[in-house]
Amino acid sequence: MTYAIVFSSRTGNTRKLAERARARLGERDCAWFGGPSDLREGALDGVDVVLLGSWTDKGGLGPELSGVAAALSGRRVFLFGTCGYGGDPAYYARILENFRSALAPGAEVVGTYLCQGQMPPAVRERYLLMAERDPERFSPLIENFDRAQGHPSEDDLVALDAALVRAGLAS
Ligand SMILES: Cc1cc2nc3c(=O)[nH]c(=O)nc-3n(C[C@H](O)[C@H](O)[C@H](O)COP(=O)(O)O)c2cc1C
């Protein structure tokens, strides 16, 4: 089985998942690994499965990936990504549904995986300032920020391995 991993990662969280998936599936069968802007014309032709990975932007797929996502009609796709807010399976499911809806009609989603990713320190500093004025709203965001540190963790990566197995892409 040949595969390609196309992903967008601004701060490195989704890249960790992409690298783990490549390590798990093996470099030999990897036809493409990289961001959408480097993707050569025809690079995905004949590839058995495309793993499409994204950070979460306003609840959905990073805009850089919309062109690739829209070109995956008839392809087998494994969707993965990271988001800032953690711990709520229903929230993850909504994001994955939004990722899915960015795909071309006719793409077959063989599996999905999403986990929390840590955020840059500047975000916490902003929350701290805002919490001085509105603690009820911003204290939970600071708690979420702190919980996100260290993610994707090794446990998250092991859960990604399991999702790849469930999707039939790894054994
Ligand atoms: C402009 C912007 C919008 C974001 N929107 C969301 C969002 O709607 N929901 C969420 O949970 N996280 C959101 N995040 C957080 C990122 O998706 C999260 O930190 C992710 O792990 C970053 O992945 P990366 O390191 O691969 O870029 C947003 C971050 C930025 C910079």
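**Figure 1. Salt bridges in the predicted model****.** The count of salt bridges comes to 10. One of them pairs the side chains of Arg10 and Glu64, with 2.9 Å from N to O. The two residues sit in distant parts of the chain, 54 residues apart: Arg10 in the loop between β1 (3–8) and α1 (13–25), Glu64 in the loop between β4 and α2 (66–70). Arg10 counts as exposed, at 58% relative accessibility, and Glu64 as partly exposed, at 31%.

**Figure 2. The salt bridge between Asp161 and Arg20****.** The closest N and O atoms of this pair are 2.8 Å apart. Asp161 belongs to helix α6 (residues 154–166) and Arg20 to helix α1, so the contact ties together parts 141 residues apart in sequence. Both Asp161 and Arg20 are buried.

**Figure 3. A salt bridge within helix α3****.** Arg100 and Glu97 lie three residues apart, about one turn of the helix, and their side chains meet at 3.7 Å, N to O. Arg100 is partly exposed, with a relative accessible area of 36%; Glu97 is also partly exposed, at 45%.

**Figure 4. Helix α3 and its surroundings****.** Helix α3 (residues 89–101) has 13 residues and spans 18 Å from its first C-alpha to its last. Its buried residues are Tyr92, Ile95, Leu96 and Phe99. These cover an arc of only 100 degrees around the axis, which places them on the same side of α3. Their cover includes β3 (49–57), β4 (60–61), β5 (76–83) and β6 (108–116). Exposed residues Arg94 and Ser101 are carried on the face turned away from the buried side. At the N-terminal end, Asp88 caps α3, with a side-chain oxygen 3.0 Å from the backbone nitrogen of Ala90.

Terms used
Residues are numbered from 1 along each chain as its sequence is written. This is a predicted model: local features need pLDDT of at least 70, side-chain atom pairs count only at pLDDT 80 or more; totals for chains, interfaces and linings use all residues. Side-chain values use heavy atoms; hydrogens and water are left out. Helices (H or I, at least four residues) and strands (E, at least two) are DSSP runs, numbered from the N terminus. The expected span of a helix is 1.5 Å times one less than its number of residues. Buried means under 20% relative accessible area, exposed over 50%, partly exposed in between (1.4 Å probe, protein chains only). The arc is that of the directions from the helix axis to the C-beta atoms. Contact means heavy atoms within 4.5 Å. A polar contact is a pair of N or O atoms within 3.5 Å; within protein, one must be able to donate a hydrogen and the other to accept it, and residues adjacent in sequence count only if both atoms are side-chain atoms. A salt bridge is a side-chain nitrogen of Lys or Arg within 4 Å of a carboxyl oxygen of Asp or Glu.
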